[in-house]
Amino acid sequence: MNVILDIITELTLNKKNSFSNLKKERAGLAADIQADFLKKLTLINMKRMVPLLIFLLVIEISNMIVDTLSLTHASFQPLYIYGNYFLLFLAIVYLVLINFAFTPNEKNLLFLSFIYHSFWWLFSTGVLFFAILDLLECGTLFNFVILLIVLAIVPIAKMQEIIAVSFYAVTVVCIAIIRLGLPVYLIQQAIIMGIATVIFSQNFYCTFFSSFLSQKKLELSNRKLAQLAETDALTNLLNRRGADKRITKLLNKNIQTENGVVLMILDIDLFKLYNDTFGHEQGDLCLQNVSNFLQETLKNATNIISRYGGEEFLIMLGEMPKEDILTLAQKIRRGIEEIGIAASCSVANTVTISMGIASLPAGGCKSFRELFAEADDALYQAKTNGRNCISYQNQIYR
């Protein structure tokens, strides 16, 4: 017993800060991550229950055979048989429930949680029945110890859950000890082992939570790295890699759902000359102003806007009538010109753009490269026709 007390003291000292940090970290988690944690916790607990239920099934069948043939517990044999029947029935019912309900979706989570919590209360009640028979027959805590060991290592329980079940078990056993007039030291042992159960259980819980948190941090880091790899640092728009990925995915989806798309490629007129005249710092500012205008004008979440090259921007939109396409294109062309970025070396007194447009009607089937080549040819036509204009379906619009 002194050894147990030493272990409890050491674990309590080592884990005091862990429990405190755990509480702070859980409180600081975003709602979606907390929901994901509870989902994963429920599912992992269900998986950990299955081997225990199979083991319980085997043990109870063997106990019933031994108790029936050997009359080991002659004085209390009917009670032992009833207890075995209860745990056997419990194991069968919950194996069936888990088999039918174990689907990781939101609808089943509440039911899975109910299965998990109800099992541990019923299982604890069944084993406590045998613990009381132990006290009646031998004055020992054998089955009570078995119960606490299982509670400590099998479920990954939150603090309030393990405290509630452990308190229930300790209370029942202590009442039984008092009513049977057994030695007081058994109460002391029961309480100490109940506390040890809580500490050992929370040790597992802390480990599980830390592992989950590390995994989430790694996923977040990988997501940020992927986002950085697909984002233009200057404008915060998608870069070529990000645009190719998003557009290919959107095209495949639209082909399957028979929705059309519109692709616009716009190029800042004589931008190299602008850079040489005003310097790269002003050139960067010009690119940022254009990108900010595009993001403000095209706020629809389904639109794809990309800085596709040095001074080249790419826009992917959902299908729309030709008149609407040209109206939007003119709004973009005139809007950028009206920003008023001084450019005496350009086509006009301010920065202007040329634009090429290609469209894929509903039911059409083109790859991104084919659609891009069509829009790029249209952009070339716009440039060769004096710039600061729009080319669409072999026509120039100013």
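**Helix packing and an open sheet in a predicted model**

Helix α5 and helix α6, the latter spanning residues 159–180, pack against each other at an angle of about 180°, and their axes lie 11 Å apart. Because an angle over 145 degrees counts as roughly antiparallel, α5 and α6 are described as roughly antiparallel to each other. On the α5 side the contact is made by Phe144, Leu147 and Leu151, and on the α6 side by Ile162, Val165, Ala169, Val170 and Val173. Sorted by class, the residues of this contact between α5 and α6 comprise eight nonpolar, no polar and no charged.

The model is predicted, and it is worth asking how far its coordinates can be trusted before going on. The mean pLDDT of the protein is 86, with 87% of its residues reaching 70 or more. Over residues 10–16, however, pLDDT stays under 50, and for this stretch the model has four contacts beyond four places in sequence. Where pLDDT is low, the predicted coordinates should not be read in detail.

Helix α5, which covers residues 142–153, also packs with helix α7, residues 185–229, at an angle of about 20° and with the axes 7 Å apart. That angle makes α5 roughly parallel to α7, and α5 passes α7 in a right-handed crossing. Here Phe144, Val145, Leu148, Leu151, Ala152 and Ile153 in α5 meet Ala190, Met193, Gly194, Thr197, Phe200, Ser201 and Phe204 in α7. The residues of this contact of α5 with α7 fall into ten nonpolar, three polar and no charged. Phe144 and Leu151 of α5 take part in the contact with α6, and Phe144 and Leu151 are also among the α5 residues that meet α7.

Further along the chain there is a sheet. Six strands form this open sheet, in the order β2-β3-β1-β4-β5-β6, and the pairing is mixed. The edge strands are β2 (304–307) and β6 (395–397), each of which pairs on one side only. From one strand to the next, the twist averages 20°. At the β6 edge, strand β5 (residues 390–392) pairs with β6 in the antiparallel sense over three bridges, and the bridge partner of Ser391 is Ile396 in β6.

Which helices lie across the strands of this sheet? Helix α10, residues 280–297, lies across β1 (261–268), β2 and β3 (312–318), and runs at about 5° to β3. Helix α11, residues 322–339, lies across β1, β3, β4 (353–360), β5 and β6, and runs at about 160° to β4. Strands β1 and β3 are thus named for α10 and again for α11.

The helices α10 and α11 also come together, for their axes come within 10 Å and cross at roughly 140°. That angle makes α10 oblique to α11, and α10 passes α11 in a right-handed crossing. In this contact Asn289, Val290, Phe293, Leu294 and Thr297 of α10 meet Leu328, Lys331, Ile332, Gly335, Ile336 and Ile339 of α11. By class, the contact of α10 with α11 has seven nonpolar, three polar and one charged residues.

How values were computed: Residues are numbered from 1 along each chain as its sequence is written. This is a predicted model: local features need pLDDT of at least 70, side-chain atom pairs count only at pLDDT 80 or more; totals for chains, interfaces and linings use all residues. Side-chain values use heavy atoms; hydrogens and water are left out. pLDDT is the predictor's confidence in each residue, from 0 to 100. Contact means heavy atoms within 4.5 Å. Axes are lines fitted to C-alpha atoms, for helices over the stretch in contact, and angles run from 0 to 180 degrees between N-to-C directions. Helices (H or I, at least four residues) and strands (E, at least two) are DSSP runs, numbered from the N terminus. Angles under 35 degrees count as roughly parallel, over 145 as roughly antiparallel, 65 to 115 as roughly perpendicular and the rest as oblique. A crossing is left-handed if the near helix is turned anticlockwise from the far one by less than a right angle, and right-handed if clockwise. Ala, Val, Leu, Ile, Met, Phe, Trp, Tyr, Cys and Pro count as nonpolar, Asp, Glu, Lys and Arg as charged, and the others, Gly among them, as polar. Two strands pair if DSSP finds at least two bridges between them.
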